[in-house]
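Colleague: Could you take a close look at a single part of this model, namely its interior, and place that part within the chain as a whole? I would like one connected account rather than a list.

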Amino acid sequence: MTAPKSEFLAVVRDRGFIHQCTDLDGLDALLAKGPVSAYIGFDCTADSLHVGSLIQIMLLHWLQRTGHRPVVLMGGGTTRIGDPSFRDEARPLLTDEKIGQNMAGIRQVFSRFLTFGEGATDAVMVNNADWLDGLAYIPFLRDFGRHFSVNRMLTFDSVRLRLDREQPLSFLEFNYMILQAYDFLELGRRTGVRLQMGGSDQWGNIVNGVELGRRVDGLELFGLTSPLITTASGAKMGKTAQGAVWLNEARLPAYDYWQFWRNTEDADVGRFLRLFTDLPLDEVARLEALGGAEINEAKKILAERATTMAHGPEAALAAAETARKVFEQGGTGDALPTHDVAAAALAAGLPLAEMMRATGLATSGKEVKRLVSEGGARINDVAVSDAARLLGPADVQDGAIKLSAGKKRHALIRILPD
């Protein structure tokens, strides 16, 4: 497309959010006319969202920042079925009580990223159980089921890949895309929503909703998806060896969240600053151009800005101060055991097992192997998967390498200049 007329599309294009759109020029024209209501749905499968959902939250954040109204759809109804998109097996079915508990936890996340209220561009939160719970099965099939072609539904990647792998897809799950399409129609009727956004795995579901709105009510609806985010090394975003990177502090302390971003791979720093912070793009360009040890300063800024958005400025400041004490002063209130090594020795590679023994975190190579197999051996708070791992210059943060055995035992390898 040519340069967008609307500020929203210009921002999300430049920051790397756009993957597919049902009609990019038509959407741009609509957004340029005035405030547009757009939604993203979030099923309540846990009591917190994790970093894998953050790109969607940031889309809503920028939507509001550029003068439009975000609608957060809680899947109180669809969670009872579970989205089958790109999954190997069905999600476990949750009770209504558990869904309600999860929904309460998820609500807390959005207050940091969006402003809720009654104004034209204030965010609103709705629950699809409000309309799905009251549906009568036969009338629903008669009025809406006839608009869906099973032949076409089978071609969508989210379904086809499951079938190609000969993994079962229940009729319950197969209904999910129909209900999501109906959500779009219902939100168009109730709140004037014109745009649904989501991850690239939601493309088929979103297209169904766009077409259902046109066929049933003559609505002009639009769909926009974001790319699947992986790290430079190919790992799925938001997953670590220690588990999901949760957005609620009750699930993951702000310091651990800060450390997740601080440990970003060098090649990802610029991209993640664009996607997961609101830092101006000229400053992002300056930071991603840093080389050598200076890239660590960019990682600290990424960690500070991302943590501020999710947990607030005080939590981000406290996390940075804790990290400074750990890596620069050798303690977090209690002194950490330290072991000094020369920079030249580090350049040659230091065996992890040897350093674990030297710092008192393990008594033998066998114990190191056990810690690694149980996920308890960590370098700079990142779990280690190979007991034969060598420590090198790339592991140094602020002049030291932090080693951990479990959650409570830590030590520092301090690097002495030659």
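Modeller: Accessible areas come from the Shrake-Rupley method with a 1.4 Å probe, and for residues only the protein chains shown count as cover. With that in mind, and remembering that this is a predicted model, the accessible surface of the chain comes to about 18,900 Å², with 51% of it belonging to carbon and sulfur atoms. Half of the matter lies beneath that surface in the sense that 50% of the 418 residues count as buried, where buried means under 20% relative accessible area.

As a frame for the interior, the chain has 19 helices and 15 strands. Its radius of gyration is 24 Å, close to the 22 Å given by the globule rule for 418 residues, so the chain is as compact as a globular protein of that length. Along the principal axes, the C-alpha atoms fill a box of roughly 75 × 45 × 35 Å. If we consider contacts between residues at least 6 apart in sequence, 74% of them join residues at least 24 apart.

Turning to the interior itself, the largest nonpolar core has 68 residues, and the members that touch the most others are Phe8, Phe110, Met197 and Trp261. Helix α3, residues 54–65, gives this core its largest share, eight residues. Leaving aside residues up to four places away in sequence, Phe8 touches Leu31, Leu59, Trp62, Leu63, Thr66, His68, Met197 and Leu224, so that Met197, itself listed with Phe8 among the members touching the most others, is also one of the contacts of Phe8. A second core, separate and made up of 28 residues, includes Phe156, Ile178, Val193 and Ile206.

Strand β2 deserves attention in the same context, since six of its seven residues are buried and it is therefore largely enclosed by the rest of the structure. Strands β2 and β3 (residues 69–75) run parallel and are joined by seven bridges, and within this pairing Val72 in β3 is the bridge partner of Ile40.

Aromatic rings add a further layer, for the structure holds ten aromatic pairs. In one of them, Tyr39 and Phe184 have ring centres 5.5 Å apart and planes at 65°, so the pair is edge-to-face, given that planes over 60 degrees apart count as such. This pair links distant parts of the chain, with Tyr39 in strand β2 (residues 37–43) and Phe184 in helix α10 (residues 176–191), 145 residues apart, and both residues are buried. Helix α10 also takes part in another contact of this kind: Phe144 and Tyr182 form an edge-to-face pair, 4.9 Å centre to centre with 65° between the planes. Here Tyr182 lies in helix α10, whereas Phe144 lies in the loop between α6 (137–143) and α7 (150–153), 38 residues apart, and each of the two, Phe144 and Tyr182, is buried. Elsewhere, Trp261, already named for its contacts within the largest core, belongs to one aromatic cluster with Tyr257, Phe260, Phe272 and Phe276.

For contrast with the enclosed strand β2, there is an open sheet of five strands with mixed pairing, in the order β9-β15-β14-β11-β12. Its edges are β9 (338–342) and β12 (382–383), each with a single partner strand, so one side of each is left without a neighbour in the sheet. The pairing of β12 with strand β11 (residues 377–379) is antiparallel over two bridges, and Arg378 stands opposite Ala383 in β12.

Notes. Residues are numbered from 1 along each chain as its sequence is written. This is a predicted model: local features need pLDDT of at least 70, side-chain atom pairs count only at pLDDT 80 or more; totals for chains, interfaces and linings use all residues. Side-chain values use heavy atoms; hydrogens and water are left out. A nonpolar core is a set of buried Ala, Val, Leu, Ile, Met, Phe, Trp, Tyr and Cys residues joined through side-chain atoms within 4.5 Å. Buried means under 20% relative accessible area, exposed over 50%, partly exposed in between (1.4 Å probe, protein chains only). Helices (H or I, at least four residues) and strands (E, at least two) are DSSP runs, numbered from the N terminus. Contact means heavy atoms within 4.5 Å. Two strands pair if DSSP finds at least two bridges between them. The radius of gyration is taken over C-alpha atoms; the globule rule is 2.2 Å times the number of residues to the power 0.38. Rings of Phe, Tyr and Trp (its six-membered ring) pair if their centres lie within 6.5 Å; planes under 30 degrees apart count as stacked, over 60 as edge-to-face and the rest as tilted.
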